[in-house]
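Q: I would like to learn how to read the features of a protein model. Could you take me through this one?

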Amino acid sequence: TAEKSGNKVQLNWKVVSEINNDHYEVEQSLGGGIFTKIGTVRATNNTNVHSYDFLDVNPTLNKANYYRIKQVDINGKYGYSPIRVIKFLGNNLFTISPNPVKNVININSAEADLTVKLFDGEGKMLESKLLTNGNGQFNISKYSGGVYIIVAEKNGVKIQTIKVVKQ
């Protein structure tokens with residue numbers, strides 16, 4: 001798990017029956033799929049369930065922080081945990097305007113290569129766009145009035161959702 005703790009990020013993971021495990025490397029990315037090691041946690045090689053934790057004392061506050069754990073065996077083989085993402089409040093990765101909207105939704109983001117998806121009120125995906133330069137639009141004039149949802153993803157991880165009302 002990854003959770004905010006003030007302006008820090010607390011990472012926790014549990015392991016069952018460690019065998020020939022050497023250590024864990026905590027990795028962080030700010031997007032683009034490039035991860036950097038930010039810490040190492042020694043393995044206990046416990047045969048029971050064991051909990052580990054790591055505190056990122058210096059996360060980025062104006063972008064999404066992606067985390068994964070690299071489990072490294074004594075023989076050098078390794079595997080990765082699922083990716084977890086933390087975004088601090090007040091630092092939206094994208095904005096939309098206008099809302100409510102009649103025809104065109106303008107999307108603006110400081111993030112490059114952000115995928116935005118438009119869903120209807122029942123959860124059906126209607127459109128998807130890759131914002132390579134941080135800007136894009138959805139023309140929703142052909143859709144009926146109601147509530148729509150825009151979901152932003154980075155590297156396949158959902159990082160922000162905004163509801164839009166079409167008049």
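A: Happily. Let's start with the pocket lining: by class, the lining of the largest pocket has 5 nonpolar, 3 polar and 2 charged residues. Keep in mind throughout that this is a predicted model.

Q: How is such a pocket found, and what is the volume of the largest pocket?
A: Rolling a probe the size of a water molecule over the atoms shows where empty space is left. Here the largest pocket has a volume of about 150 Å³.

Q: Which residues line the largest pocket, and which strands each supply at least two residues of the lining?
A: The lining consists of Thr1, Leu11, Asn12, Trp13, Tyr67, Arg68, Ile69, Ser81, Pro82 and Arg84. Strands β2 and β6 (65-73) each supply at least two residues of that lining.

Q: Let me pick arginine 68. Where is arginine 68 found, and does it count as buried or exposed?
A: Arginine 68 is found in strand β6. Buried is a matter of a cut-off, under 20% relative accessible area. Arginine 68 counts as buried because its relative accessibility is 18%.

Q: What does arginine 68 touch, beyond residues up to four places away in sequence?
A: Arginine 68 touches Glu25, Val26, Glu27, Phe35, Tyr80, Ser81, Pro82 and Ile83. Take Glu25: arginine 68 and glutamate 25 are 43 residues apart along the chain, and their C-alpha atoms are separated by 8.5 Å.

Q: Where does glutamate 25 sit in the strand pairing, and what stands opposite it?
A: Glutamate 25 stands opposite threonine 40 in β4. Strand β3 (residues 21-29) and strand β4 (residues 36-42) run antiparallel and are joined by 6 bridges. The two make a hairpin with 6 residues between the strands, where glycine 31 takes a positive phi near 120°.

Q: How should I read a positive phi, and which residues other than glycine have one?
A: Most residues other than glycine have a negative phi, and most peptide bonds are trans. In this model, serine 17 has a positive phi of about 55° although it is not a glycine. Asparagine 20 also has a positive phi, near 55°. Serine 17 is placed in the loop between β2 and β3, and asparagine 20 is found in the loop between β2 and β3 as well. With 34% relative accessibility, serine 17 counts as partly exposed.

Q: You mentioned trans peptide bonds. Which peptide bonds are cis?
A: A cis peptide bond joins serine 97 and proline 98, with omega about -15°. The bond from asparagine 99 to proline 100 is cis too, with omega near 10°. Proline 98 lies in the loop between β9 and β10, and so does proline 100.

Q: What surrounds proline 100, and how accessible is it?
A: Leaving aside neighbours within four places in sequence, proline 100 is in contact with Val165 and Gln167. Proline 100 counts as partly exposed because its relative accessibility is 41%. As for its distance from glutamate 25, the two are 75 residues apart in sequence and 45 Å apart in space, C-alpha to C-alpha.

Q: How do β9 and β10 pair?
A: Strand β9 (residues 94-97) and β10 run antiparallel and are joined by 4 bridges. They form a hairpin with 6 residues between them. Serine 97 stands opposite asparagine 106 in β10. On its pairing with strand β13 (residues 135-139), β10 runs antiparallel over 5 bridges, and isoleucine 107 stands opposite glycine 136 there.

Q: Which side chains of β10 are buried?
A: Look at the side chains in turn along strand β10 (residues 104-109), where they alternate. Ile105, Ile107 and Ser109 point to one face and are buried, while Val104, Asn106 and Asn108 point to the other and are not.

Q: Finally, how do I read a sheet as a whole, and which strands stand at the edges?
A: Read the strand order, then look at the ends. One open sheet has 3 strands in the order β1-β2-β5, with antiparallel pairing. Its edge strands are β1 (2-5) and β5 (50-56), each pairing on one side only. The twist averages 25° from one strand to the next. Another open sheet has 4 strands in the order β12-β11-β14-β15, also with antiparallel pairing. Here β12 (125-131) and β15 (157-166) each have a single partner strand, so one side of each is left without a neighbour in the sheet. In this sheet the twist averages 20° from one strand to the next.

Methods: Residues numbered from 1 in each chain as written. Predicted model: local features only at pLDDT ≥ 70, side-chain atom pairs only at ≥ 80, totals over all residues. Heavy atoms only, no water. Pairing = 2+ DSSP bridges. Axes fitted to C-alpha atoms, helices over the stretch in contact; angles between N-to-C directions. 1 Å grid on protein atoms, 1.4 Å probe; cavity = no way out; pocket = protein on both sides within 12 Å on 5 of 7 lines; lining within 4 Å. Points joined across faces, edges and corners; volume = space filled by probe spheres on them. Nonpolar A, V, L, I, M, F, W, Y, C, P; charged D, E, K, R; others polar. Buried < 20%, exposed > 50% of the residue type's maximum accessible area, 1.4 Å probe, protein only. Contact = heavy atoms within 4.5 Å.
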